[in-house]
Amino acid sequence: MKRGYYITIDGGKGAKKNTLIKDLYNYFWEKKNIRCMCIKDPAYTEVSEKAMNLMLDNDLSPLANLSLITAARIDTFTNIVIPKIEQGITILSERSANATLAYWGYAENFNYEIVKKLNELSMQELKPDISIIIDIDPKIGLKNDSNIQL
């Protein structure tokens, strides 16, 4: 059986990542008959969503937050991403380790090499076959994001 692909879409708030994911899904599934599924990294499983909610609902240290993100990603990759790819299903992921590296390694000034290694370990050395990064002016992105009031 042919291995599925791992395709990631990253970009700032309001970059319309979800719209692109849906369009790719429709193209692959409906036009090309390629089996695929959409996920939101790192929290796609029940356990990973609980880990992310712990992070969002509590005032934790940066290391605790990064640990919860890593735990969420480990669960998602162990139970969803890697098995599906091995079954020949292409994974379309909204957000990826690229976002974690950008946020924690640069914006939060956490040790870049540690964040990179945690990403590699949590993804079990799997790397995206294709990474699409949507570069959008933050002002436009914020206007696009319906959850943000300007």
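Gln-124 sits in the loop that connects α5 (112-122) with β4. In this predicted model, the phi angle of Gln-124 is near 55°, which is a positive value in a residue that is not glycine. A positive phi also occurs at Gly-88, just after α3, with a value of about 90°. Another backbone feature belongs to the loop between β2 and α2 (46-57), where Pro-42 is found. The peptide bond between Asp-41 and Pro-42 is cis, with omega about 5°.

These backbone angles are listed below.

| Residue or bond | Angle | Value |
|---|---|---|
| Gln-124 | phi | near 55° |
| Gly-88 | phi | about 90° |
| Asp-41 to Pro-42 | omega | about 5° |

**Sheet**

The strands β2, β3, β1 and β4, in that order, form an open sheet with parallel pairing. Its edges are β2 (36-40) and β4 (130-134), each of which pairs on one side only. On average, and with direction ignored, neighbouring strands in the sheet are turned by 15° against each other. Within the sheet, strand β1 (residues 6-11) runs parallel to strand β3 (residues 90-94), and four bridges join them. Thr-8 has Ser-93 in β3 as its bridge partner. Helix α1 (residues 17-31) lies across β1, β2, β3 and β4, and runs at about 165° to β3.

**Helix α3 and its contact with α4**

Helix α3 is made up of 25 residues. From the first C-alpha to the last, α3 reaches 34 Å, close to the 36 Å expected at 1.5 Å a residue. Where does α3 bend? The bend is at Phe-77 and amounts to about 50°.

How are α3 and α4 oriented to each other? Helix α3 (residues 62-86) packs with helix α4 (residues 97-107) at an angle of about 175°, and their axes are 12 Å apart. Angles over 145 degrees count as roughly antiparallel, and α3 and α4 are therefore roughly antiparallel to each other. On the α3 side, the residues in contact are Pro-62, Asn-65, Leu-66, Ile-69 and Arg-73. They meet Ala-97, Thr-100 and Trp-104 of α4. Sorted by class, this contact of α3 with α4 has five nonpolar residues, two polar and one charged.

Note on methods: Residues numbered from 1 in each chain as written. Predicted model: local features only at pLDDT ≥ 70, side-chain atom pairs only at ≥ 80, totals over all residues. Heavy atoms only, no water. Axes fitted to C-alpha atoms, helices over the stretch in contact; angles between N-to-C directions. Helix = DSSP H or I, 4+ residues; strand = E, 2+ residues; numbered from the N terminus. Parallel < 35°, antiparallel > 145°, perpendicular 65-115°, else oblique. Contact = heavy atoms within 4.5 Å. Nonpolar A, V, L, I, M, F, W, Y, C, P; charged D, E, K, R; others polar. Expected span 1.5 Å × (residues − 1). Bend = angle between axes of the 7 residues up to and from the residue. Pairing = 2+ DSSP bridges.
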